[in-house]
Amino acid sequence: MEIVVCVKQVPDTTEVKIDPVTNTLIRQGVPSIVNPFDKNALEAALQLREKYGGKVTVLSMGPLQSKEALKECLAMGADEAILMSDRAFGGSDTLATSHALASGLRKMGRVDIILCGKQAIDGDTAQVGPEIAEHLGITQVTYVSKINTIDNQVINVEREHEEGYEVIEAQLPVLLTVVKSINEPRYPTVKGTMKANRKEIPIWTVNDVEVNHDALGLKGSPTQVRRIFTPERRVQGEMIQADTAKEAAALLVKRLVEVKII
Amino acid sequence: MAVKVKPEECISCGACVSACPFGAIVMEDDKAFITDACTACGACLDVCPVGAIIREVEEKNIAMNKEDYKGVWVYIEQAGGQARNVGYELLSEGRKLADAMGQELAGVLIGDKVEQLTKEVFARGADKIYLVEGKEFTHYSTDAYTITLTDLIHTYKPAVILMGATNDGRDLGPRVACRVGTGLTADCTNLGIDEASGLVAWTRPAFGGNIMATILCPDHRPQMGTIRPNVFKRSAPDYSRSGEIVKVTCKVKAADIRTKLLELIRVGTESVNLEEAEIIVSGGRGMSKPESFALIEELANTLGGAVGASRAVVDAGWKPALYQVGQTGKTVGPKVYFACGISGAIQHLAGMSSSDIVIAINKDPEAPIFKIANYGIVGDVMDVIPALIDEIKKIKAAG
């Protein structure tokens with residue numbers, strides 16, 4: 001079984017703060033991490049390998065420092081890691097990014113399962129996975145919360161949706177995007193980390209893959225960011241002052257009755 | 001459009017370095033240098049005191065005649081013949097866009113036996129409806145719906161498509177945008193028209209809700225976006241409205257659908273349906289232990305509301321992910337939102353800040369949730385919630 005996990009190195013957005021004076025993001029001291037949902041995707045891949053055998057390759061596109069993210073994936077147990085890095089890929093939106101990643105996946109030859117996190121925590125678009133599937137012309141199942149079985153090239157998964165779950169079957173090859181509840185990603189072992197440090201991570205540039213150069217980077221991106229700003233925060237409301245919880249509750253209920261909520 | 005630094009004009013002040021939301025500017029040889037991480041957002045243009053940063057217009061080879069694309073479409077997502085509210089919310093917002101553009105508003109209705117929904121779609125503002133029916137659409141599938149929506153786009157050429165950012169909408173949107181070769185802005189929370197260009201200005205949160213980005217799709221059509229449920233209000237239906245129904249033959253063959261839906265499992269009861277709830281009572285880490293979540297449920301029951309949870313609670317395994325409100329969970333917009341023992345991290349606010357009234361109960365007076373709350377009580381949730389339940393019951397009994 002050939003499994004590829006697409007991962008992205010992202011700033012830990014839970015650590016990002018806004019500078020109250022300049023109203024800009026404070027990035028200093030914000031660690032770069034493997035996108036958390038991608039770790040779930042990798043864990044799912046590792047579990048599949050344990051059950052069905054095969055090879056797990058992690059693929060990323062980004063600046064050279066993304067190697068650190070790939071090293072962490074290798075330390076968790078991935079067999080191979082490949083980084084697509086080139087100035088030509090810079091500034092890509094989801095369509096251009098998926099075009100580039102699809103070219104990398106094509107270069108790998110046979111792939112049975114592609115796993116992605118449901119979205120990256122910096123952009124939160126959830127688009128690159130499905131767009132890779134479209135570029136490759138393969139089946140996709142998004143928001144996968146459980147992989148039940150793979151039998152005779154048919155995969156059986158559970159897909160999360162608003163009201164519950166769907167049980168879905170599809171023929172391989174398939175691209176799955178996974179949600180957090182699918183598993184608890186393992187931690188890298190000391191042995192794994194040492195192995196990862198010795199492992200060569202090939203860098204593929206734009207010349208190593210077959211791509212349409214016009215479909216890459218800013219030039220290949222239909223969407224353009226026009227403006228970035230800090231969201232407005234609502235004005236402060238009323239703090240209910242009372243000596244006891246009972247009095248506070250009574251006052252709140254009184255307010256809610258006044259505004260016809262109760 | 002790439003952003004470039006004119007090194008000869010750069011005064012090495014570093015203002016752009018700290019203004020860049022993407023960390024894409026570094027100082028090299030005492031000059032600002034823009035790295036691959038640049039998304040050309042232009043945040044640095046505004047802060048450069050000497051105008052040394054410029055936007056360069058690049059040539060694009062696009063064989064797309066933009067003038068051929070007209071009208072605003074709203075994809076009316078339905079499940080089992082029931083339209084989701086988000087479609088109606090988008091009709092109300094799409095109406096404004098269509099009017100501003102001087103073009104028509106159309107609803108796109110794909111499903112099995114969904115013609116009965118057309119009356120409501122007109123009543124909510126559509127001038128026209130594209131209706132595609134067939135048993136291939138009984139349940140949502142990526143393949144059947146992508147083929148159909150792509151075919152409609154190629155035939156009828158809309159300028160704009162709005163879709164709900166639901167799980168199915170976020171499955172279908174990128175697949176269709178990629179097949180058509182256009183841009184898609186995900187999870188928008190605000191829409192408008194960019195005055196300079198007349199394009200749709202799609203605004204969405206990024207970086208976990210820390211910043212907002214306004215995005216344009218200048219050279220490709222249709223301009224597509226998914227919009228979070230509950231950020232726009234439905235307009236009141238006007239049943240005197242009607243319009244043209246364009247019935248389009250289903251071109252999907254059974255063999256085109258490569259996924260097979262074996263089972264649909266509904267989880268829990270109505271209490272999970274956060275998107276449609278008018279009152280939501282959410283609990284966070286401040287509830288201290290999973291057993292105390294029963295209080296949240298009791299308060300929700302007393303008010304006839306639904307139960308929500310913060311990410312911390314879901315991560316701790318107290319509640320399944322379906323209950324999660326926030327940037328990576330659900331976006332809700334109830335009339336009343338109770339945040340109990342929720343500190344109000346920006347990721348949580350991103351999922352509930354369009355609620356009409358927010359009530360916060362937290363023992364930490366400095367908790368950020370109080371900054372956006374209409375009513376706040378500083379106190380222990382374990383004391384305040386039972387007192388609240390008592391008071392509400394008293395009022396209800398008296399009323």
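Contact here means heavy atoms within 4.5 Å. That cut-off decides which helices are said to touch which strands in the account below. The model is a predicted one.

Start with helix H3 of chain A, residues 94-107. H3(A) lies across five strands of chain A: E1, E6, E7 (80-84), E8 and E13. Its direction makes about 145° with that of E6(A).

Those strands belong to an open sheet of ten strands with mixed pairing. Follow the order from one end: E13(A), E7(A), E6(A), E1(A), E8(A), E12(A), E9(A), E10(A), E11(A) and then E17(B). Which strands stand at the edges? They are E13 of chain A (203-204) and E17 of chain B (259-266). Each has a single partner strand, so one side of each is left without a neighbour in the sheet.

Inside the sheet, look at E1(A), residues 2-7, and E6(A), residues 55-61. The two run parallel and are joined by six bridges. Val7(A) stands opposite Ser60(A) of E6(A). Helix H1 of chain A, residues 36-52, also packs on the sheet. H1(A) touches E1, E6, E8 (113-117), E9 (139-151) and E12 (174-178) of chain A. The direction of H1(A) is at about 150° to that of E8(A).

Two loops of chain A deserve a look. Gln153(A) sits in the loop between E9 and E10. Its phi is near 65°, a positive value in a residue that is not glycine. Pro173(A) sits in the loop between E11 and E12. The peptide bond between Leu172(A) and Pro173(A) is cis, with omega about 0°. Chain B has a cis bond too, from Arg221(B) to Pro222(B), with omega near -10°. Pro222(B) lies in the loop between E14 (211-216) and E15 (223-227) of chain B.

Now turn to the interface. How many residues does each chain bring to the contact? Chain A brings 85 and chain B brings 107. About 8,600 Å² is buried between the two chains, and carbon and sulfur atoms give 55% of that area.

Polar links cross this interface as well. There are 38 residue pairs in polar contact between chain A and chain B, counting pairs with both residues at pLDDT 80 or more. Several elements of chain A each supply at least two residues to the side that touches chain B, among them helix H4 (128-136), strand E14 (224-229) and helix H6 (245-258). H6(A) gives the most, with ten residues. By class, this side of chain A has 37 nonpolar, 24 polar and 24 charged residues.

Side chains of opposite charge can pair when their charged atoms come close. Eight salt bridges are found across the interface of chain A and chain B. Lys246(A) and Glu391(B) form a salt bridge, with the closest N and O atoms 3.6 Å apart. Over all chains the count is 41 salt bridges. Another pair is Arg175(B) with Glu134(A), at 2.7 Å from N to O. Arg175(B) lies in helix H6 of chain B (167-180) and Glu134(A) in helix H4 of chain A, so this pair joins two chains.

Strand pairing also crosses between the chains. E15(A) pairs with E22 of chain B, residues 375-378, in the parallel sense over two bridges. There Glu238(A) stands opposite Tyr375(B).

Notes:
Residues numbered from 1 in each chain as written. Chains lettered and ligands numbered in written order. Predicted model: local features only at pLDDT ≥ 70, side-chain atom pairs only at ≥ 80, totals over all residues. Heavy atoms only, no water. Pairing = 2+ DSSP bridges. Helix = DSSP H or I, 4+ residues; strand = E, 2+ residues; numbered from the N terminus. Axes fitted to C-alpha atoms, helices over the stretch in contact; angles between N-to-C directions. Buried area = accessible area lost by both parts, 1.4 Å probe. Salt bridge = Lys/Arg side-chain N within 4 Å of Asp/Glu carboxyl O. Polar contact = N/O pair within 3.5 Å; in protein donor to acceptor, adjacent residues only side chain to side chain. Nonpolar A, V, L, I, M, F, W, Y, C, P; charged D, E, K, R; others polar.
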